[in-house]
Amino acid sequence: MNIVVCIKQVPDTTEVKINPQTGTLIREGVPSIMNPDDKGGLEFALQLKEKYGANVTVITMGLPQADAILREALAMGVDRAILLTDRRLGGADTLATSSAIAGALRTMDYDIIITGRQAIDGDTAQVGPQIAEHLDLPQVSYLEHIDYDEATKTFTVRKQTEEGYQTLQMQAPCLVTVLASAVKPRYMSVNGIVTAFDKEVEIWNADKIDVPEERIGKAGSPTNVYKSFPKQLKPAGETFEVSPEEAVDLIINKLKEKHLI
(Lines give C-alpha, C1' and ligand atoms only; values in the text may rest on other atoms or scores of the structure.)
Protein backbone atom coordinates (compact mmCIF):
# COMPACT_ATOMS: atom_id res chain seq x y z
CA MET A 1 0.00 0.00 0.00
CA ASN A 2 1.19 3.51 -0.85
CA ILE A 3 0.02 6.34 1.42
CA VAL A 4 0.55 10.06 0.87
CA VAL A 5 -0.01 12.44 3.78
CA CYS A 6 -0.42 16.16 3.12
CA ILE A 7 0.94 18.26 5.99
CA LYS A 8 1.37 21.97 6.62
CA GLN A 9 3.63 24.14 8.75
CA VAL A 10 1.52 26.65 10.69
CA PRO A 11 2.15 29.30 13.38
CA ASP A 12 1.32 28.13 16.87
CA THR A 13 -1.99 29.96 17.21
CA THR A 14 -1.80 29.93 21.01
CA GLU A 15 0.94 32.56 20.63
CA VAL A 16 -0.31 34.50 17.61
CA LYS A 17 -1.33 38.14 17.91
CA ILE A 18 -2.92 40.46 15.38
CA ASN A 19 -1.63 43.89 14.44
CA PRO A 20 -4.57 46.23 15.24
CA GLN A 21 -3.49 48.76 12.60
CA THR A 22 -3.07 46.38 9.66
CA GLY A 23 -5.36 43.54 10.73
CA THR A 24 -2.67 40.99 9.82
CA LEU A 25 -1.04 38.23 11.86
CA ILE A 26 2.15 39.10 13.71
CA ARG A 27 4.34 36.11 12.86
CA GLU A 28 7.67 37.43 14.16
CA GLY A 29 8.80 35.42 17.16
CA VAL A 30 5.92 32.95 16.84
CA PRO A 31 7.05 29.29 16.71
CA SER A 32 5.92 27.14 13.78
CA ILE A 33 4.50 23.65 14.26
CA MET A 34 3.03 20.82 12.23
CA ASN A 35 -0.69 21.42 11.88
CA PRO A 36 -2.41 19.28 14.58
CA ASP A 37 -5.03 17.69 12.30
CA ASP A 38 -2.27 16.81 9.81
CA LYS A 39 -0.26 15.18 12.58
CA GLY A 40 -3.31 13.08 13.43
CA GLY A 41 -3.50 12.03 9.78
CA LEU A 42 0.19 11.15 9.83
CA GLU A 43 -0.36 8.93 12.87
CA PHE A 44 -3.13 7.03 11.06
CA ALA A 45 -0.77 6.53 8.12
CA LEU A 46 1.99 5.18 10.36
CA GLN A 47 -0.45 2.80 12.04
CA LEU A 48 -1.48 1.48 8.60
CA LYS A 49 2.21 1.09 7.75
CA GLU A 50 2.83 -0.97 10.87
CA LYS A 51 -0.20 -3.18 10.23
CA TYR A 52 0.02 -3.67 6.46
CA GLY A 53 3.59 -2.76 5.50
CA ALA A 54 2.69 0.45 3.67
CA ASN A 55 5.06 3.01 2.20
CA VAL A 56 4.34 6.48 3.59
CA THR A 57 5.19 9.74 1.80
CA VAL A 58 4.62 13.22 3.25
CA ILE A 59 4.29 16.33 1.12
CA THR A 60 3.98 19.98 2.07
CA MET A 61 3.76 23.21 0.11
CA GLY A 62 5.45 26.17 1.74
CA LEU A 63 8.59 28.17 2.34
CA PRO A 64 12.00 26.46 2.65
CA GLN A 65 11.74 26.48 6.46
CA ALA A 66 8.88 23.97 6.16
CA ASP A 67 11.74 21.46 5.91
CA ALA A 68 11.47 21.31 9.73
CA ILE A 69 8.09 19.54 9.79
CA LEU A 70 9.21 17.16 7.06
CA ARG A 71 12.22 16.20 9.21
CA GLU A 72 9.82 15.73 12.13
CA ALA A 73 7.71 13.39 9.98
CA LEU A 74 10.81 11.44 8.95
CA ALA A 75 11.75 11.12 12.62
CA MET A 76 8.28 9.74 13.33
CA GLY A 77 8.76 7.00 10.74
CA VAL A 78 7.75 8.09 7.22
CA ASP A 79 9.70 6.86 4.21
CA ARG A 80 9.77 9.85 1.86
CA ALA A 81 9.43 13.62 2.23
CA ILE A 82 8.68 16.21 -0.47
CA LEU A 83 8.79 20.00 -0.15
CA LEU A 84 6.89 21.83 -2.87
CA THR A 85 8.32 25.35 -2.82
CA ASP A 86 8.48 28.08 -5.45
CA ARG A 87 7.91 31.85 -5.53
CA ARG A 88 5.28 31.21 -8.20
CA LEU A 89 3.23 29.30 -5.61
CA GLY A 90 3.17 32.22 -3.14
CA GLY A 91 -0.03 34.02 -2.20
CA ALA A 92 -2.20 30.99 -2.89
CA ASP A 93 -5.70 30.65 -1.48
CA THR A 94 -7.22 27.22 -0.85
CA LEU A 95 -8.13 26.65 -4.51
CA ALA A 96 -4.66 27.47 -5.83
CA THR A 97 -3.08 25.47 -3.01
CA SER A 98 -5.17 22.39 -3.76
CA SER A 99 -4.48 22.76 -7.50
CA ALA A 100 -0.73 22.76 -6.88
CA ILE A 101 -0.79 19.83 -4.46
CA ALA A 102 -3.08 17.84 -6.74
CA GLY A 103 -0.63 18.46 -9.57
CA ALA A 104 2.15 16.97 -7.46
CA LEU A 105 0.01 14.00 -6.47
CA ARG A 106 -0.75 13.19 -10.11
CA THR A 107 2.92 12.25 -10.53
CA MET A 108 2.83 9.83 -7.58
CA ASP A 109 1.47 6.36 -6.84
CA TYR A 110 -1.01 6.17 -3.96
CA ASP A 111 -3.80 4.01 -2.60
CA ILE A 112 -4.96 6.62 -0.12
CA ILE A 113 -4.29 10.32 0.46
CA ILE A 114 -4.64 11.55 4.03
CA THR A 115 -4.99 15.20 5.00
CA GLY A 116 -5.94 17.00 8.17
CA ARG A 117 -9.51 18.25 8.45
CA GLN A 118 -8.30 21.86 8.45
CA ALA A 119 -5.32 24.06 9.28
CA ILE A 120 -5.37 26.12 12.46
CA ASP A 121 -4.14 29.23 10.62
CA GLY A 122 -7.15 29.29 8.27
CA ASP A 123 -9.84 26.88 9.53
CA THR A 124 -11.41 26.59 6.07
CA ALA A 125 -11.44 22.74 5.84
CA GLN A 126 -11.37 23.17 2.06
CA VAL A 127 -7.99 21.97 0.77
CA GLY A 128 -8.46 18.23 1.41
CA PRO A 129 -11.88 17.99 -0.30
CA GLN A 130 -10.68 20.23 -3.13
CA ILE A 131 -7.71 17.90 -3.77
CA ALA A 132 -10.15 14.98 -4.00
CA GLU A 133 -12.26 16.92 -6.52
CA HIS A 134 -9.21 17.81 -8.65
CA LEU A 135 -8.19 14.14 -8.73
CA ASP A 136 -11.76 12.79 -9.06
CA LEU A 137 -11.39 10.63 -5.93
CA PRO A 138 -13.99 9.39 -3.45
CA GLN A 139 -13.57 11.20 -0.15
CA VAL A 140 -14.64 10.99 3.49
CA SER A 141 -14.06 13.84 5.92
CA TYR A 142 -13.90 13.92 9.73
CA LEU A 143 -12.25 10.47 9.92
CA GLU A 144 -11.80 8.98 13.38
CA HIS A 145 -10.98 5.31 12.58
CA ILE A 146 -9.73 3.33 9.57
CA ASP A 147 -9.20 -0.33 8.58
CA TYR A 148 -8.02 -1.89 5.33
CA ASP A 149 -8.88 -5.08 3.44
CA GLU A 150 -5.81 -6.04 1.41
CA ALA A 151 -7.68 -8.59 -0.69
CA THR A 152 -10.25 -6.12 -2.03
CA LYS A 153 -8.23 -2.90 -1.57
CA THR A 154 -11.12 -1.49 0.43
CA PHE A 155 -10.91 0.93 3.34
CA THR A 156 -13.51 0.80 6.09
CA VAL A 157 -13.69 4.15 7.83
CA ARG A 158 -15.64 5.68 10.69
CA LYS A 159 -16.69 9.29 10.18
CA GLN A 160 -17.66 11.61 13.01
CA THR A 161 -21.02 13.34 12.66
CA GLU A 162 -23.04 15.70 14.85
CA GLU A 163 -25.33 12.80 15.81
CA GLY A 164 -22.59 10.21 16.39
CA TYR A 165 -20.70 8.45 13.60
CA GLN A 166 -21.10 6.70 10.23
CA THR A 167 -19.24 3.59 9.04
CA LEU A 168 -18.43 3.67 5.34
CA GLN A 169 -16.44 1.67 2.81
CA MET A 170 -14.20 3.21 0.15
CA GLN A 171 -12.40 1.63 -2.75
CA ALA A 172 -8.78 2.63 -3.28
CA PRO A 173 -7.60 5.11 -4.44
CA CYS A 174 -9.40 7.58 -2.17
CA LEU A 175 -8.89 10.56 0.15
CA VAL A 176 -9.77 11.10 3.81
CA THR A 177 -9.48 14.08 6.15
CA VAL A 178 -8.65 13.46 9.80
CA LEU A 179 -9.51 15.01 13.15
CA ALA A 180 -6.65 15.70 15.55
CA SER A 181 -8.84 14.49 18.42
CA ALA A 182 -9.28 11.06 16.83
CA VAL A 183 -5.80 9.76 17.65
CA LYS A 184 -2.77 10.59 19.77
CA PRO A 185 0.29 11.10 17.54
CA ARG A 186 3.47 9.27 18.50
CA TYR A 187 6.62 11.06 19.58
CA MET A 188 9.73 11.15 17.44
CA SER A 189 12.14 8.41 18.42
CA VAL A 190 15.72 9.26 19.39
CA ASN A 191 17.06 7.14 16.54
CA GLY A 192 14.49 8.70 14.21
CA ILE A 193 15.65 12.21 15.11
CA VAL A 194 19.27 11.28 14.41
CA THR A 195 18.57 9.58 11.08
CA ALA A 196 16.02 12.18 9.90
CA PHE A 197 18.80 14.65 9.17
CA ASP A 198 20.69 12.04 7.14
CA LYS A 199 17.71 11.54 4.83
CA GLU A 200 16.90 13.54 1.72
CA VAL A 201 13.98 15.94 1.55
CA GLU A 202 13.04 16.21 -2.12
CA ILE A 203 12.65 19.81 -3.32
CA TRP A 204 10.04 20.28 -6.07
CA ASN A 205 9.24 23.53 -7.86
CA ALA A 206 6.28 24.62 -9.97
CA ASP A 207 7.77 23.07 -13.12
CA LYS A 208 7.57 19.62 -11.50
CA ILE A 209 3.79 19.63 -11.04
CA ASP A 210 2.68 20.54 -14.58
CA VAL A 211 -0.14 22.89 -13.55
CA PRO A 212 -0.78 26.04 -15.62
CA GLU A 213 0.59 29.15 -13.90
CA GLU A 214 -2.82 30.84 -14.05
CA ARG A 215 -4.10 28.15 -11.65
CA ILE A 216 -1.41 28.45 -8.96
CA GLY A 217 -0.17 31.13 -6.59
CA LYS A 218 -1.84 34.53 -6.50
CA ALA A 219 -2.85 34.30 -10.16
CA GLY A 220 -4.92 31.19 -9.43
CA SER A 221 -6.50 32.56 -6.25
CA PRO A 222 -10.02 33.99 -6.69
CA THR A 223 -10.32 34.88 -2.99
CA ASN A 224 -8.40 37.35 -0.85
CA VAL A 225 -8.42 38.12 2.86
CA TYR A 226 -9.40 41.77 3.25
CA LYS A 227 -8.85 41.99 7.00
CA SER A 228 -8.24 39.80 10.05
CA PHE A 229 -9.20 40.77 13.58
CA PRO A 230 -9.58 39.04 16.95
CA LYS A 231 -13.00 38.43 18.44
CA GLN A 232 -14.01 41.38 20.57
CA LEU A 233 -14.93 40.76 24.19
CA LYS A 234 -18.43 41.76 25.20
CA PRO A 235 -18.82 44.17 28.11
CA ALA A 236 -20.06 42.75 31.39
CA GLY A 237 -23.84 42.46 31.62
CA GLU A 238 -26.17 43.87 34.24
CA THR A 239 -28.17 41.90 36.80
CA PHE A 240 -31.62 43.05 37.93
CA GLU A 241 -33.67 41.58 40.77
CA VAL A 242 -37.25 42.49 39.84
CA SER A 243 -40.68 40.95 39.66
CA PRO A 244 -41.88 39.26 36.44
CA GLU A 245 -44.03 42.29 35.63
CA GLU A 246 -41.15 44.69 36.15
CA ALA A 247 -38.90 42.41 34.07
CA VAL A 248 -41.27 42.72 31.12
CA ASP A 249 -41.19 46.51 31.28
CA LEU A 250 -37.40 46.48 31.69
CA ILE A 251 -36.88 44.28 28.63
CA ILE A 252 -39.20 46.40 26.51
CA ASN A 253 -37.40 49.58 27.54
CA LYS A 254 -34.00 48.07 26.78
CA LEU A 255 -35.16 46.97 23.32
CA LYS A 256 -36.49 50.45 22.66
CA GLU A 257 -33.14 51.95 23.71
CA LYS A 258 -31.43 49.77 21.12
CA HIS A 259 -34.06 50.75 18.52
CA LEU A 260 -34.95 47.08 18.10
CA ILE A 261 -38.65 47.79 18.61
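A salt bridge here is a side-chain nitrogen of Lys or Arg within 4 Å of a carboxyl oxygen of Asp or Glu. Keep that cut-off at hand for the exercises below, and remember that the model is predicted.

**Exercise 1. Salt bridges across the chain**

Task: Find out which parts of the structure the pair Asp207 and Arg88 ties together, and do the same for Arg80 and Glu202.

Solution:
- Step 1. Start with the distance: the closest N and O atoms of Asp207 and Arg88 are 3.1 Å apart. With the cut-off at 4 Å, the pair forms a salt bridge.
- Step 2. Place the partners. Asp207 sits in helix α6 (residues 206-209) and Arg88 in the loop between β7 and α3, so their salt bridge links parts that are 119 residues apart in sequence.
- Step 3. Check their surroundings. Asp207 is exposed at 56% relative accessibility, while Arg88 is partly exposed at 30%.
- Step 4. Turn to Arg80 and Glu202, whose salt bridge has its closest N and O atoms 2.7 Å apart. Arg80 belongs to strand β7 and Glu202 to strand β13, so this pair connects parts 122 residues apart in sequence. Arg80 is partly exposed, with a relative accessible area of 31%.

**Exercise 2. A pair beside helix α7, and a network**

Task: Locate Glu238 and Lys254, then say which residues are joined into one network by shared salt-bridge partners.

Solution:
- Step 1. Glu238 and Lys254 form a salt bridge, with 3.7 Å between the closest N and O atoms.
- Step 2. Glu238 lies in the loop between α6 and α7, and Lys254 in helix α7, so the parts they tie together are 16 residues apart in sequence.
- Step 3. Glu238 is exposed at 59% relative accessible area; Lys254, at 32%, counts as partly exposed.
- Step 4. Asp86, Arg88, Asp207 and Glu213 make up one network through salt bridges that share partners. For context, a search of the whole structure gives 15 salt bridges.

**Exercise 3. Reading the sheet**

Task: Work out the strand order of the sheet and name its edges.

Solution:
- Step 1. Follow the nine strands of this open sheet: β11-β10-β9-β12-β8-β1-β6-β7-β13, with mixed pairing.
- Step 2. Look for strands that pair on one side only: these edge strands are β11 (165-171) and β13 (201-204). From one strand to the next, the twist averages 30°.
- Step 3. Zoom in on β6 (residues 55-61) and β7 (residues 80-84), which pair in the parallel sense over five bridges. Thr60 has Leu83 as its bridge partner in β7.
- Step 4. Add the helices. Helix α3 (residues 94-105) lies across β1, β6, β7, β8 and β13, at about 145° to β6. Helix α4 (residues 127-135) also packs on the sheet, touching β1, β8, β9 and β12, and its direction makes about 175° with that of β12.

**Exercise 4. Buried or exposed?**

Task: Decide how far helix α2 is enclosed, and whether Leu255 is buried or partly exposed.

Solution:
- Step 1. Apply the cut-off for buried, under 20% relative accessible area. Eight of the ten residues of α2 (residues 67-76) are buried, so the helix is largely enclosed by the rest of the structure.
- Step 2. Among the buried residues are Ile69, Arg71, Glu72 and Met76. Gly77, with a positive phi near 130°, follows α2.
- Step 3. Leu255, in helix α7 (residues 244-257), has 31% relative accessibility and therefore counts as partly exposed.
- Step 4. Leu255 joins Val248, Ile251, Ile252, Leu260 and Ile261 in a nonpolar surface patch, which together has about 540 Å² of accessible area.

Conventions
Residues are numbered from 1 along each chain as its sequence is written. This is a predicted model: local features need pLDDT of at least 70, side-chain atom pairs count only at pLDDT 80 or more; totals for chains, interfaces and linings use all residues. Side-chain values use heavy atoms; hydrogens and water are left out. Two strands pair if DSSP finds at least two bridges between them. Helices (H or I, at least four residues) and strands (E, at least two) are DSSP runs, numbered from the N terminus. Axes are lines fitted to C-alpha atoms, for helices over the stretch in contact, and angles run from 0 to 180 degrees between N-to-C directions. Contact means heavy atoms within 4.5 Å. Patches are made of residues with over 30% relative accessible area and no salt bridge: like charges are joined within 9 Å, nonpolar side chains (Val, Leu, Ile, Met, Phe, Trp, Tyr) within 5 Å. Accessible areas come from the Shrake-Rupley method with a 1.4 Å probe; for residues, only the protein chains shown count as cover. Buried means under 20% relative accessible area, exposed over 50%, partly exposed in between (1.4 Å probe, protein chains only).
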